[in-house]
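Got the viewer open? Here is a short tour, one selection at a time.

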Amino acid sequence: MASYGARSRQRRLILPNPSLTETIMRVVSGIQPTGKPHLGNYLGAIRNYVKLQDDAIAAGGECLIFIADLHAISMPHDPAELRSSTLELVATLVACGLDTNKTVLFNQAQVPAHAELQWLLNGTARMGWLNRMTQFKDKSGKNREGASIALFTYPVLQAADVLLYQATHVPVGDDQKQHLELARDIAQKFNNDFCSDAEPVFTLPEPYIPPEAARIMSLRDGLAKMSKSDPSDMSRINLSDDADTIMKKVKKAKTDAEPLPFEKAGLGGRPEALNLVSIYAAVTGESVDAVLRHYGGEGFGRFKPALGEALVEVLSPISERFNALKQDRESLDAILARGAARAREMGGGTLAAAYNALGLVRG
Ligand code: AQP
């Protein structure tokens, strides 16, 4: 896992686009508009976008966050829902604290360079590499033959998403670590095969995986990731849930019959208990051991209401802001249009350099 130190890791990049040569820290990440964003997305990713947008600016760099709508078509989807989920996700990200004066916020579909670069990278990515991706195995399940090609090549698009902008830091949850490693492999091979040592086309991106809450689990199954596509709404806390719903979901969360232990080691073999304590720790900023010092020996009858209240305290302001923002579709459209125009500008140099390195004549 990559450690993170914005200032210690500052470096001057040699970039193919001369207008980018001053960039020293570039944060890039995306999130799919595939359903309601949830607590896992918030703790594993969105909260870090908000933190990193300030770090990037302080380091003289930039932050780009995109709605991964091109990724969303890798699974069966309803076009009307995709359209409205895209705008709702913009509202959610802004409600969580993304500031469009600091962050370039856009959707992939308005920046064709993502799809173009993916095609160029398809020549470099290897079938064997993609065959090892666990997300494809999880999402295709027993129906591999019926899965879309887009689901299989999803990690190549993801590589294009970050390589296009010379990303240095990519904030993601733990589930995306393998895809980031693949992006690095693709960049490395492309640079080796088609570029001189002095002029690599791509920067190797570093994942930024939060030290805590990197993988929030389902409230119904401590071994399954909390996910937008889980058919049970009770499995996750949505960022749009109101206080009553949050309290109800926490009360109904699956647990075991034992009281909480006094130390983290005592949570071994108790995935649901570990998940709830980890969530409490993540939202309050305490360590798991500190939480257990307080609640060790207590049953869930006492712990769950405390967890519910801690969640409501953090999530209520977000859902209030979201409900106000989501009505204003014109402003949400305008945010995406402005962000996409900037992203098109920022990715242009790298895309041109990739075409050129491959010997493709563009006229
Ligand atoms: N349970 C999780 N815990 C921590 N981080 C998580 N992320 C997702 N689930 C968890 C992180 O959220 C970011 C955006 O994820 P995504 O929407 O692009 O896709 P995903 O990882 O596939 O998320 P979901 O909720 O599971 O969506 P569906 O069900 O549509 O596949 C990523 O950085 C991810 O790591």
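A polar contact here is a pair of N or O atoms within 3.5 Å; within protein, one must be able to donate a hydrogen and the other to accept it, and residues adjacent in sequence count only if both atoms are side-chain atoms. Before clicking around, keep in mind that this is a predicted model, where local features need pLDDT of at least 70, side-chain atom pairs count only at pLDDT 80 or more, and totals for chains, interfaces and linings use all residues. Residues are numbered from 1 along each chain as its sequence is written, and side-chain values use heavy atoms, with hydrogens and water left out.

**Stop 1: the ligand**

Select the ligand and start with Thr34: one of its polar side-chain atoms sits 2.8 Å from a ligand oxygen. Now pick Lys225, where a polar side-chain atom is 2.9 Å from an oxygen atom of the ligand. Then go to Ser229, whose side chain has an N or O atom 2.4 Å from a ligand oxygen. How much of the ligand's accessible area does the protein cover? Of the 640 Å² that the ligand has on its own, 97% is covered (areas by the Shrake-Rupley method with a 1.4 Å probe; for residues, only the protein chains shown count as cover).

Next, show the shell around the ligand: the residues with a heavy atom within 4 Å of it. You should get 22 residues, and the closest are Lys139, Asp175, Ser227, Lys228 and Ser229. Colour them by type and they split into six nonpolar, 11 polar and five charged. For that split, Ala, Val, Leu, Ile, Met, Phe, Trp, Tyr, Cys and Pro are nonpolar, Asp, Glu, Lys and Arg are charged, and the others, Gly among them, are polar. Which element gives the largest share of the shell? That is α1, with four residues. (Helices are DSSP runs of H or I with at least four residues, strands are runs of E with at least two, and both are numbered from the N terminus.)

**Stop 2: the aromatic rings**

Hide the ligand and show Phe, Tyr and Trp. The structure has nine aromatic pairs, meaning ring centres within 6.5 Å (six-membered ring for Trp), with planes under 30 degrees apart called stacked, over 60 edge-to-face and the rest tilted. Zoom in on Phe106 and Tyr165, an edge-to-face pair at 5.9 Å centre to centre and 70° between the planes. Phe106 is in strand β3 (residues 103-107) and Tyr165 is in the loop between α7 (149-163) and β4 (169-171), 59 residues apart. Both residues are buried, which here means under 20% relative accessible area, against over 50% for exposed and in between for partly exposed (1.4 Å probe, protein chains only).

Move on to Phe136 and Phe152, also edge-to-face: 5.2 Å between centres, 80° between planes. Phe136 belongs to helix α6 (residues 134-140) and Phe152 to helix α7, so this pair ties together parts 16 residues apart in sequence. Phe136 is buried at 8% relative accessibility, and Phe152 is buried at 14%. For a cluster, select Tyr280, Tyr295, Phe300 and Phe303 together.

**Stop 3: Gln166 and strand β3**

Find Gln166 in the loop between α7 and β4. Its phi is near 55°, a positive value in a residue other than glycine, and Gln166 is buried at 1% relative accessible area.

Finish at β3, where five of five residues are buried. Thr103, Leu105 and Asn107 lie on one side, with Val104 and Phe106 on the other. Strand β2 (residues 62-67) runs parallel to β3 over five bridges (pairing takes at least two DSSP bridges), and Cys63 stands opposite Thr103.
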